[in-house]
Amino acid sequence: MEKRHLFIKTDKTFIVSLPRFTFDGKIVVVQSERETRQAIDYLSHCDIVGFDTETRPSFQKGVVHKVALLQISTENICFLFRLCMTGLMPEVIRFLSDKSIVKVGLSLSDDFMMLRKRAAFTPEGFIDLQTYVKEMGIEDLSLQKLYANLFHQRISKRAQLRNWEADVLDDAQKLYAATDAYACLKLYKELQELRNTGAYVLEQQIITTAATSPSQSDMNIQQ
């Protein structure tokens, strides 16, 4: 069996010259109670989804905003729940507490902390990619580095510092948000296959030349 070669730790210079990856499925913005119920009804029939949140950035000391967006993605469709408009509705809380549906995210303690500022809930059925890869011997912590390590593609963080409480999300925001949630799902499925089959080997990354970033705003490579 041919084995995949994965880095123990991915260097940021490896990422910046990679081709960009974006979600190519359907993106649905959810911003009313009726739309929320419809979206949760659809998602309640799924076995596994990708999960992420976005919060409006604060550039003023001491000012912290509530989580504005909850992203839940299947293979083909990503729902963007605008919590800044609907709040954390009971239907969403029940979904987040449903242990029968696997929800894959990254650095979940941060997401849970922010969501609980909107409403109390008990998360069930969650898998944190940071914990999962650590058990495999991979030291990367960020979504960017993990995705580059597994798929040799780059996830742009250009839209991360946009206003997630804006009246209307622009196309760049919607694509960014959907890509992050879907990437968690895709990463987990690939990692699970490699872990179950043992078809991977870890190696130290050797950097021989400096890469050139495709754009200045994409150089925000997270740890």
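A helix, as the term is used in these legends, is a DSSP run of type H or I with at least four residues, numbered from the N terminus. The model shown in every view is a predicted one.

**View 1. A salt bridge within helix 8 joins Lys 174 and Asp 171.** Both residues belong to helix 8, where they stand three residues apart, about one turn of the helix, and the closest N and O atoms of the pair are 3.5 Å apart. Lys 174 is partly exposed, with a relative accessible area of 22%, whereas Asp 171, at 61%, counts as exposed.

**View 2. Helix 8 is tied to a loop between two strands by the salt bridge of Glu 75 with Lys 189.** The closest N and O atoms of Glu 75 and Lys 189 are 2.7 Å apart. Because Glu 75 lies in the loop between strand 4 (67–73) and strand 5 (77–82), and Lys 189 in helix 8 (residues 171–197), the pair ties together parts that are 114 residues apart in sequence. Glu 75 is partly exposed, at 32% relative accessibility, and Lys 189 is likewise partly exposed, with a relative accessible area of 34%.

**View 3. Lys 157 and Asp 180 form a buried salt bridge.** In this pair the N to O distance is 3.1 Å, and Lys 157 and Asp 180 are both buried, that is, under 20% relative accessible area. Lys 157 lies in the loop between helix 7 (143–151) and helix 8, and Asp 180 in helix 8, so the pair ties together parts that are 23 residues apart in sequence.

**View 4. Glu 33, Arg 37 and Glu 91 are linked in a network of salt bridges.** For the model as a whole, the count of salt bridges comes to nine.

**View 5. Six strands form an open sheet with mixed pairing.** The strand order is 2-5-4-3-6-7, and the edges are strand 2 (26–30) and strand 7 (126–128), each of which pairs on one side only. From one strand to the next the twist averages 25°. Within the sheet, strand 3 (residues 48–55) and strand 6 (residues 102–105) run parallel and are joined by three bridges; Gly 50 has Val 104 in strand 6 as its bridge partner.

**View 6. Helix 6 and helix 8 lie across strands of the sheet.** Helix 6 (residues 129–136) lies across strand 6 and strand 7, and runs at about 55° to strand 7. Helix 8 lies across strand 2, strand 3, strand 4, strand 5, strand 6 and strand 7, and its direction makes an angle of about 140° with strand 3.

**View 7. The largest nonpolar core contains 37 residues.** Leu 129, Leu 187 and Leu 191 are the residues with the most contacts inside this core. Strand 4, strand 5, helix 6, helix 7 and helix 8 each supply at least two of its residues, and the largest share, twelve residues, comes from helix 8. Leaving aside residues up to four places away in sequence, Leu 187 touches Leu 129, Leu 143, Leu 146, Tyr 147, Leu 150 and Phe 151.

**View 8. Another nonpolar core, of 28 residues, lies apart from the largest one.** Among the residues of this other core are Val 30, Leu 70, Val 92 and Ile 101.

Conventions
Residues are numbered from 1 along each chain as its sequence is written. This is a predicted model: local features need pLDDT of at least 70, side-chain atom pairs count only at pLDDT 80 or more; totals for chains, interfaces and linings use all residues. Side-chain values use heavy atoms; hydrogens and water are left out. A salt bridge is a side-chain nitrogen of Lys or Arg within 4 Å of a carboxyl oxygen of Asp or Glu. Buried means under 20% relative accessible area, exposed over 50%, partly exposed in between (1.4 Å probe, protein chains only). Two strands pair if DSSP finds at least two bridges between them. Axes are lines fitted to C-alpha atoms, for helices over the stretch in contact, and angles run from 0 to 180 degrees between N-to-C directions. Contact means heavy atoms within 4.5 Å. A nonpolar core is a set of buried Ala, Val, Leu, Ile, Met, Phe, Trp, Tyr and Cys residues joined through side-chain atoms within 4.5 Å.
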